[in-house]
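Got the viewer open and a hand free for the selection box? Here is a walk through the model, one stop at a time.

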Amino acid sequence: MSDAPLAFDGVTIRFGGRELLDGVTLSLPRGSVYALLGRNGAGKTSLVRCALGLRPADAGEVRLFGAEAVAGRARAMARIGVVPEEPDAPAEMTADALVHFCSRLYPAWDPAGVSNRLERLGVPRRVPFGRMSKGEKGSVLFALALGASPDLLVLDDPTLGLDLVARRELYEELVGELADRGTTVFLTTHDLAGIEGIATRVGILAGGRLVLDDELEHLKDRFRRITYGNDVTESRAEYGTELDLFDAARVRVRGWGVEAVVTNFDEERFERFRVQEGVRGASADSLPLEEIFLAIAGPRGEGRAAP
């Protein structure tokens with residue numbers, strides 16, 4: 001835990017008389033891109049606030065660069081770039097004025113990088129912040145966050161309000177920053193397709209718990225959609241028993257057979273499944289991150305913990 005730029009150990013957050021988050025434990029390896037996913041109200045932004053030392057956990061511990069987050073916040077912030085969920089800056093300040101102000105706060109400020117990034121993102125340099133669109137505001141704060149040359153970049157739903165072109169440009173900038181510096185990134189997002197090619201590790205919050213925490217590559221290896229025709233036979237009188245070989249996050253019986261999302265796929269297990277009596281035409285397909293998320297945290301997934 002001490003080597004991680006950011007780590008949570010048994011973090012519990014209470015709000016309005018209830019536990020919003022219950023015993024969340026996770027750690028960001030240096031140079032990783034950790035995508036924290038969850039439905040609205042799952043507690044993602046509250047966890048981000050704890051990560052930045054803006055509020056203490058009601059139980060458990062948060063550490064930034066090895067120090068307790070609240071106590072060490074003043075020292076740590078010089079090494080952190082932040083893009084909040086709701087872009088916020090003095091309404092009368094232009095992008096250029098914000099750049100000038102921020103340049104005096106960070107010892108490793110990159111003026112040329114910020115200027116080039118604002119240009120590539122199409123940000124108006126002399127329009128007051130209060131008159132910018134939400135997408136423009138987000139782009140300004142993203143450029144400022146990277147301008148700090150951060151060791152840790154915290155992004156709370158950074159593409160919210162951005163159009164398709166702006167989202168793509170933001171991700172390209174992020175990928176370039178990661179390639180140049182190896183920055184550790186902690187982000188929340190609803191744009192699952194956009195971060196699929198960037199994230200190295202994924203966590204899913206549901207029901208107040210961290211129900212999944214895994215390397216993205218491993219996650220996509222073990223989650224599969226299995227489809228097959230299913231014949232009831234004398235040796236197996238009920239549908240579904242053939243899936244006992246797997247941990248199934250979601251099962252749907254269709255007119256033509258069965259569709260199941262399983263969380264512990266491997267080729268040897270699938271071969272044993274495929275040759276069972278009554279199983280016809282079985283196939284296994286990989287899943288995009290969005291479908292994995294829906295299987296775990298969607299309306300039918302009900303926050304089922306994935307092994």
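Contact, on this tour, means heavy atoms within 4.5 Å. Keep in mind as you click around that this is a predicted model.

**The whole chain**

Start zoomed out, with the C-alpha trace on. Along its principal axes the trace spans about 75 × 40 × 35 Å. Switch to cartoon and you have 10 helices and 14 strands to look at. Of the 307 residues in the protein chain, 51% are buried. Take the contacts between residues at least 6 apart in sequence: 68% of them join residues at least 24 apart.

**Helix α5**

Now select residues 134-147, which is α5. How far apart are the end C-alpha atoms of α5? They sit 20 Å apart, and because 14 residues at 1.5 Å a residue should span 20 Å, the helix agrees with expectation.

Colour α5 by accessibility next. The helix is mostly covered, with 12 of its 14 residues buried. Among the buried ones are G135, K137, G138 and S139, and the list carries on through V140, L141, F142, A143, L144, A145, L146 and G147. A reminder while you spin the view: an α-helix has 3.6 residues a turn, so residues three or four places apart point the same way.

**α4 against α5**

Add residues 111-120, helix α4, to the selection. The α4 and α5 axes are 9 Å apart, and the helices pack at an angle of about 155 degrees. Angles over 145 degrees count as roughly antiparallel, and α4 and α5 are therefore roughly antiparallel to each other. Their crossing is right-handed. To see who does the touching, show side chains for V114, R117 and L118 on α4, then for V140, A143, L146 and G147 on α5. Sorted by type, the residues of this contact come out as five nonpolar, one polar and one charged.

**L146**

Stay in α5 and centre on L146. Is L146 buried or exposed? With a relative accessible area of 1%, L146 is buried, because the cut-off for that is under 20%. Leaving out residues up to four places away in sequence, L146 touches R117, L153, E173 and E177. R117 you have met already, as part of the α4 side of the helix pair. For one more stop around here, pick L174: it is 28 residues from L146 in sequence, and the two C-alpha atoms are 8.5 Å apart.

**Two positive phi angles**

Step just past the end of α5 to S149. S149 is in the loop between α5 and β7 (152-156). Its phi is near 50 degrees, a positive value in a residue other than glycine. S149 counts as buried because its relative accessibility is 16%.

Now jump to F65, in the loop between β4 (59-64) and β5 (67-68). What is the phi of F65? It is near 50 degrees, again a positive value in a residue other than glycine.

**G31 in its loop**

Next, select G31, in the loop between β2 (18-28) and β3 (33-38). At 35% relative accessibility, G31 counts as partly exposed. Which residues are in contact with G31, leaving aside neighbours within four places in sequence? Show G182, T183 and T184 for the answer. Then add F186: G31 and F186 are 155 residues apart in sequence, yet their C-alpha atoms are 10 Å apart in space.

**R225 and R75**

Two arginines to finish. R225 is in strand β11, residues 224-230. R225 counts as buried because its relative accessibility is 17%. Show what R225 touches, not counting residues up to four places away in sequence: E259, A260, S283, A284, D285, L287 and E291.

For the other arginine, go to R75 in helix α2, residues 73-76. R75 counts as exposed because its relative accessibility is 75%. Last job for the distance tool: run it from the C-alpha of R75 to that of R224. These two are 149 residues apart in sequence and 44 Å apart in space.

Notes:
Residues are numbered from 1 along each chain as its sequence is written. This is a predicted model: local features need pLDDT of at least 70, side-chain atom pairs count only at pLDDT 80 or more; totals for chains, interfaces and linings use all residues. Side-chain values use heavy atoms; hydrogens and water are left out. Axes are lines fitted to C-alpha atoms, for helices over the stretch in contact, and angles run from 0 to 180 degrees between N-to-C directions. Helices (H or I, at least four residues) and strands (E, at least two) are DSSP runs, numbered from the N terminus. Angles under 35 degrees count as roughly parallel, over 145 as roughly antiparallel, 65 to 115 as roughly perpendicular and the rest as oblique. A crossing is left-handed if the near helix is turned anticlockwise from the far one by less than a right angle, and right-handed if clockwise. Ala, Val, Leu, Ile, Met, Phe, Trp, Tyr, Cys and Pro count as nonpolar, Asp, Glu, Lys and Arg as charged, and the others, Gly among them, as polar. Buried means under 20% relative accessible area, exposed over 50%, partly exposed in between (1.4 Å probe, protein chains only). The expected span of a helix is 1.5 Å times one less than its number of residues.
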